[in-house]
Amino acid sequence: MIGAEPEEEFGPLASLATSRASESLGSLLCDKIDVKALSLYYLDSPERLLTRLRLPRRLITITQSINGREKGKISLAMPRDGAPILAAALMGRHGAHSRKLGGFDLDAFKETANIVTGSYLSLLGPALGLIGVPSIPAVVEGTLDEIALSLVPQSRALCVEAHLVAPSRGLELVVLMAAGRECSKFQAEEPAVS
Amino acid sequence: MGLRVLVADDSLFIRDIIRHHLERLGFQVVAEAANGAQALNLYKTLKPDFVTLDIIMPQVDGIDALAAFRGIKSENPEVPILIVSAVPFDKTRDTFMNEGALDYVTKPFNKSSFERIRSKLGAIYPTAAEHSPESQPQDSDRRPQ
């Protein structure tokens, strides 16, 4: 890990974005959403994500790329087992009715990701140099070590990781926003690598 | 009969939600488009009274949302177009509002999002607001929003 703790500079915006994201998710699911955890950290290699990211081994991610002054990625991740629960919730049902996911479920996941991550892009995006229009969301299913590299834009990144929980449904979603930190702004702020 | 609406969004899930809200307000969704090119073609064919347009859709035949917006406006500069987006970027909002959009709403929608739109449309189509079935009892919402 390199660099100073980023909470001081980006923490307030990240908190606000997370609060808005939980409201948006709550509105989508008609449910109470808690923010279980929020952390900001620097990665000096994508492999670090494997030890840093607190996610189950098998998961589904919905990822968008953003190109502004920096390259960035923003993902909504969930345990594979949680996907049918989310699908049911988005259709206004309780519980998981089927483990099999259809095209409509995946479409709903993409839009959920769009909506939940929107507050991060509008609030944190400009501060992190990510001001472009995000790409169409891509859904990937796999193990964390298979997927990790697709969640970060380049070798070094500033990451915002938020865990949103719907307690009544036993559902936990993770937002991971990763902004490349090769631009001069970040280089100037970065202390010498020890 | 209420206003005839074209809904353009690449997400079937979102189109379903928009249709639900619009039909509750008494509008008639006459067509759905999954991209800007489709939206433009359907507009030319059906000439709806009102269009909702998602701004992040796959580009097809070189037509993105802004090109579709301009294409529809060139067909009929007076047609109201509602922009919908998951990302509340001020710059994007300004771009479309300066191009003449009716309004810009951010997902997720709620009832009040579309109530506001109905009010704006009422100024353009005064008789349309009289057709809302909202005052009548509704079936329970299928959608959670």
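Okay, one definition before anything else: when two helix axes make an angle of 65 to 115 degrees, we call them roughly perpendicular. Keep that in mind while we look at this structure, which is a predicted model.

Let's start in chain A. Helix α3, residues 83-90, packs against helix α4, residues 103-123, at an angle of about 85°. So α3(A) and α4(A) count as roughly perpendicular to each other. Their axes are 10 Å apart.

Which residues of α3(A) meet α4(A)? They're A:A83, A:L86, A:A87 and A:L90, and across from them in α4(A) you'll find A:D105, A:A108, A:F109 and A:T112. Sort the residues of that contact by type and you get six nonpolar, one polar and one charged.

Now for some backbone oddities. As background, most residues other than glycine have a negative phi, and most peptide bonds are trans.

Stay in chain A for a second and find A:C30, in the loop between α1 (7-29) and β1 (34-43). This residue isn't a glycine, yet its phi is positive, about 55°. Is A:C30 buried, exposed or partly exposed? Its relative accessibility is 49%, so we call it partly exposed.

Over in chain B, look at B:K47, sitting in the loop between α2 (36-46) and β3 (50-54). Here's another non-glycine with a positive phi, about 45°. B:K47 is partly exposed, with a relative accessible area of 41%.

Last stop, also in chain B: the peptide bond going from B:K107 to B:P108 is cis, with omega near 0°. To find B:P108, go to the loop between β5 (103-106) and α5 (111-124).

Definitions and conventions:
Residues numbered from 1 in each chain as written. Chains lettered and ligands numbered in written order. Predicted model: local features only at pLDDT ≥ 70, side-chain atom pairs only at ≥ 80, totals over all residues. Heavy atoms only, no water. Axes fitted to C-alpha atoms, helices over the stretch in contact; angles between N-to-C directions. Helix = DSSP H or I, 4+ residues; strand = E, 2+ residues; numbered from the N terminus. Parallel < 35°, antiparallel > 145°, perpendicular 65-115°, else oblique. Contact = heavy atoms within 4.5 Å. Nonpolar A, V, L, I, M, F, W, Y, C, P; charged D, E, K, R; others polar. Buried < 20%, exposed > 50% of the residue type's maximum accessible area, 1.4 Å probe, protein only.
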